[in-house]
Amino acid sequence: MIKPRILLLSNSKLHNEDFFEWCADTLKSCFAKNKVKKLLFIPYASRDYDGYVKKIEPALAKLGFEMESIHVKPDPVAAVYASQGIFIGGGNTFLLLKTLYDKKLIEPIQDCILNKGIPYMGSSAGTNVATRSINTTNDMPICMPPTFKALNLVPFNINPHYIDTDTTSTHMGETREMRINEFLKEPDSAPVLALREGSGVIVEDGKITLFGKKHARFFKKGQDAIEYEPGSDLSFLLELPGQ
């Protein structure tokens, strides 16, 4: 039985750091275990594909990985099936999901990750689309995908870039916690793992572990939010019913 290998980052870059600097050891270890030397990069969360590649390619090369972008491939579906590993970067989640549907990549990516064991890494928007739905993204809906249902590589939702409530602020808008709790009031809403910047989860060997520099916050309908520290075993999340 194939056990998916999935690395989900809240963000790829921290303030005053290079891309992937905060998670370099985990990233290298994950792909080295799976003998991945070249990643297929999916830049669809941006409209400037070439510009995005110029930012990401040197950072991955510094970590010892080659990269090829799906946007230069004549057959994106074939490129997914030929890949050693897949990385979907951040940007606008609505644009990303719409493009994945437009290019008929949802089922091929699911097949490769869940049935063929090809490792997957997502960051920010790329993390959002790996979950049950994109309903807990922070992005504006600049375009409309055919559905908010995402890749469903994991049976829960994630809120990347989670920001704690500032109790001293006079800002009158909703906090991130309030937004997540609004989502949880909807029928059939998935539990939400809120990842602060500098944190992520890794799925391997049938387990899921929180890693990085920050705690994560878990929201589930009908219960108080729970804090988990880096290194926590969150394997219970994999036992949640899928959508």
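Let me begin with Glu 177, which is partly exposed, with a relative accessible area of 25%, and let me add at once that what we are looking at is a predicted model. The side chain of Glu 177 meets that of Arg 217 in a salt bridge, at 3.4 Å from N to O. This pair ties together distant parts of the chain, since Glu 177 sits in helix H7, residues 176-184, while Arg 217 belongs to strand E10, residues 216-219, and the two are 40 residues apart. Is Arg 217 buried or exposed? Its relative accessible area is 17%, and because buried means under 20%, Arg 217 counts as buried.

Staying with helix H7 for a moment, there is a second salt bridge to point out, in which the side chains of Glu 182 and Arg 179 meet at 3.3 Å, N to O. Here both residues lie in helix H7, three residues apart, which is about one turn of the helix. Glu 182, at 38% relative accessibility, is partly exposed, and Arg 179, at 45%, is also classed as partly exposed. Which residues are joined into one network by salt bridges that share partners? They are Asp 164, Glu 177, Arg 196, Arg 217 and Glu 227, so the Glu 177 and Arg 217 pair with which I opened belongs to that network.

Another pair within a helix is found in H4, residues 93-102, where Lys 98 and Asp 102 lie four residues apart, again about one turn. Their side chains form a salt bridge at 2.8 Å, N to O. Lys 98 is partly exposed at 26% relative accessibility, and Asp 102 is partly exposed as well, with a relative accessible area of 45%. As a general remark, side chains of opposite charge can pair when their charged atoms come close. How many salt bridges does the model contain under the rule applied here? The count comes to twelve.

Let me turn, finally, to the sheet. Seven strands make up an open sheet with mixed pairing, and their order is E3-E2-E4-E5-E1-E8-E9. Strand E3, residues 66-69, and strand E9, residues 207-212, stand at the edges, and because each has a single partner strand, one side of each is left without a neighbour in the sheet. On average, neighbouring strands of this sheet are turned by 20° against each other, with direction ignored. Within the sheet, strand E4, residues 86-88, runs parallel to strand E5, residues 120-123, and three bridges join them; in this pairing, Ile 88 of the model stands opposite Gly 122 in E5.

Key
Residues are numbered from 1 along each chain as its sequence is written. This is a predicted model: local features need pLDDT of at least 70, side-chain atom pairs count only at pLDDT 80 or more; totals for chains, interfaces and linings use all residues. Side-chain values use heavy atoms; hydrogens and water are left out. Two strands pair if DSSP finds at least two bridges between them. Axes are lines fitted to C-alpha atoms, for helices over the stretch in contact, and angles run from 0 to 180 degrees between N-to-C directions. A salt bridge is a side-chain nitrogen of Lys or Arg within 4 Å of a carboxyl oxygen of Asp or Glu. Buried means under 20% relative accessible area, exposed over 50%, partly exposed in between (1.4 Å probe, protein chains only).
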